[in-house]
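Here are a few exercises to work through with the model open beside you. Try each task before reading its solution.

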Amino acid sequence: MLETEILKRGDDSGNGTLIKYTSATGAVIKAIGVPLSWKSTLGPTWCYVIEGDDLTLVDPGCYGSLSYLEQGLEALGRSLTDVARIVVSHGHMDHDGSCPPVIRKSGAELWAHEMYGFMLQADRGDVERGWRREVQGFEAFEHSETMTRAMEHRELNHDLVLDHPVTDNLQAGGLTFYHTPGHSPDELCIKFDQVLFSGDHILPLITPHPSVAMSYNSFQAKLPSAYRGENEIYGLKALLTSLKRMAELDGNLTVLPAHRAFFRGQFNPIGVGRATEILEHHRNRCHELTDVMKSGPKELVAITREYFSDRELEEQNFFLAFTEVMAHIELMQEAGDISTQGNVASGNAWSNGLGPNVLISWDGTDNFSGLIDGL
Ligand SMILES: [Zn+2]
């Protein structure tokens with residue numbers, strides 16, 4: 001367990017808050033609650049500061065929120081120019097958004113998983129636009145404030161140079177890196193002292209959004225050769241495999257997540273056991289989806305609407321709900337629990353055999369549960 005001290009209070013969800021964590025061995029980590037740069041109920045990205053001979057920053061925070069990081073560092077008696085090393089948990093803009101200006105000001109080294117370097121160069125949006133366009137609500141999602149910012153962010157990060165690519169199990173500079181893909185193909189968990197920085201891989205209160213396995217088909221041919229063999233980086237199976245791995249880490253680690261570490265005036269302390277809770281949440285969601293499917297074959301859109309029927313899904317959020325459901329259906333498909341039937345009237349199936357016009361039927365089995373146990 002870590003000792004906690006609030007150095008400065010920010011708003012209710014933690015934006016602008018500064019926290020000091022001290023481990024039993026006396027290691028000190030400071031956290032800056034850097035807000036997202038659009039309206040959101042998520043709360044801040046927690047950017048962690050390790051002060052040794054020089055200063056390491058785990059995630060510089062959201063694109064468009066540099067001034068908050070700067071103010072946070074100043075309140076800690078440091079400045080942007082002191083940053084010697086940036087470690088990026090994964091390439092989503094609420095985490096690596098401020099890399100370009102921080103590196104410009106400080107000349108900091110950039111550390112991230114080697115897949116991060118690949119993704120910087122890949123035209124992510126373009127590669128996947130084909131199937132995404134066919135999803136109901138994608139247009140609203142694409143034109144949302146968040147996605148508009150994501151496009152700008154991608155442009156700006158295109159020129160970043162990953163001068164310290166990291167691979168799984170690397171130990172360097174007092175840190176141990178674990179590749180934990182699933183939410184994002186480049187996700188890292190990073191061990192320091194008795195702490196595991198978990199990025200978005202392990203979060204308290206909420207669960208990270210799984211990527212879809214189908215994305216692997218879009219990128220496979222272009223991936224570095226080590227990742228071209230089979231899909232271990234995209235989709236729910238990758239996420240659950242990574243969760244299991246982190247749950248098994250020993251050493252009584254305290255997890256410091258990138259979101260919700262402190263929220264509405266409360267600390268939400270977690271250990272690696274939280275990874276098992278998230279895994280069980282997904283197993284349970286598969287069970288709940290069988291409930292939706294038992295009344296007969298349905299298209300993915302209908303399954304999503306029915307599953308989330310108690311929630312008001314705005315058009316732009318539908319896309320996220322849809323891909324979340326698809327990630328689960330893909331796992332059940334791999335386990336042999338569902339069959340699909342193309343709708344002859346229109347369109348082709350996507351590369352995962354699913355698609356807006358494909359009817360999905362549940363075969364009445366729950367082999368997915370055994371598949372999860374066997375990961
Ligand atoms: Zn995030």
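**Exercise 1: an antiparallel pair**

Gln-341 and Leu-359 in E19 stand opposite each other. This model is predicted. Your task: work out in which sense E18 and strand E19 pair, and over how many bridges.

Solution. Begin with the pairing itself: strand E19 covers residues 358-362, and E18 joins it in the antiparallel sense over 5 bridges. Next, place the pair in its sheet, an open one of 3 strands in the order E17-E19-E18, with antiparallel pairing. Finally, look at the edges: strand E17 (298-299) and strand E18 (338-342) each have a single partner strand, so one side of each lacks a neighbour in the sheet.

**Exercise 2: a crossover**

Find which helix the chain passes through between E5 and E6, and give the handedness of the crossover.

Solution. Start with the strands: E5 (residues 55-58) and E6 (residues 83-87) run parallel and are joined by 4 bridges. Leu-55 is opposite Val-83 in E6. Between E5 and E6 the chain goes through helix H1 (residues 66-75), giving a right-handed β-α-β crossover. Now step onward: E6 also pairs with strand E7 (residues 109-113), in the parallel sense, over 3 bridges. There, Ile-86 has Leu-110 in E7 as its bridge partner.

**Exercise 3: a residue in a helix**

Decide whether Phe-318 is buried or exposed.

Solution. First locate Phe-318, in helix H12 (residues 315-335). Then count: 20 other C-beta atoms lie within 10 Å, and the cut-off for buried is 20 or more, so Phe-318 is buried. Beyond neighbours within four places in sequence, Phe-318 contacts Gln-136, Gly-137 and Leu-313. Last, Ala-140 is 178 residues from Phe-318 in sequence, yet their C-alpha atoms are 9.1 Å apart.

Methods: Residues numbered from 1 in each chain as written. Predicted model: local features only at pLDDT ≥ 70, side-chain atom pairs only at ≥ 80, totals over all residues. Pairing = 2+ DSSP bridges. Helix = DSSP H or I, 4+ residues; strand = E, 2+ residues; numbered from the N terminus. Right-handed = clockwise from strand over helix to strand, strands pointing away. Buried ≥ 20, exposed ≤ 12 C-beta atoms within 10 Å, placed from the backbone. Contact = placed C-beta atoms within 7 Å.
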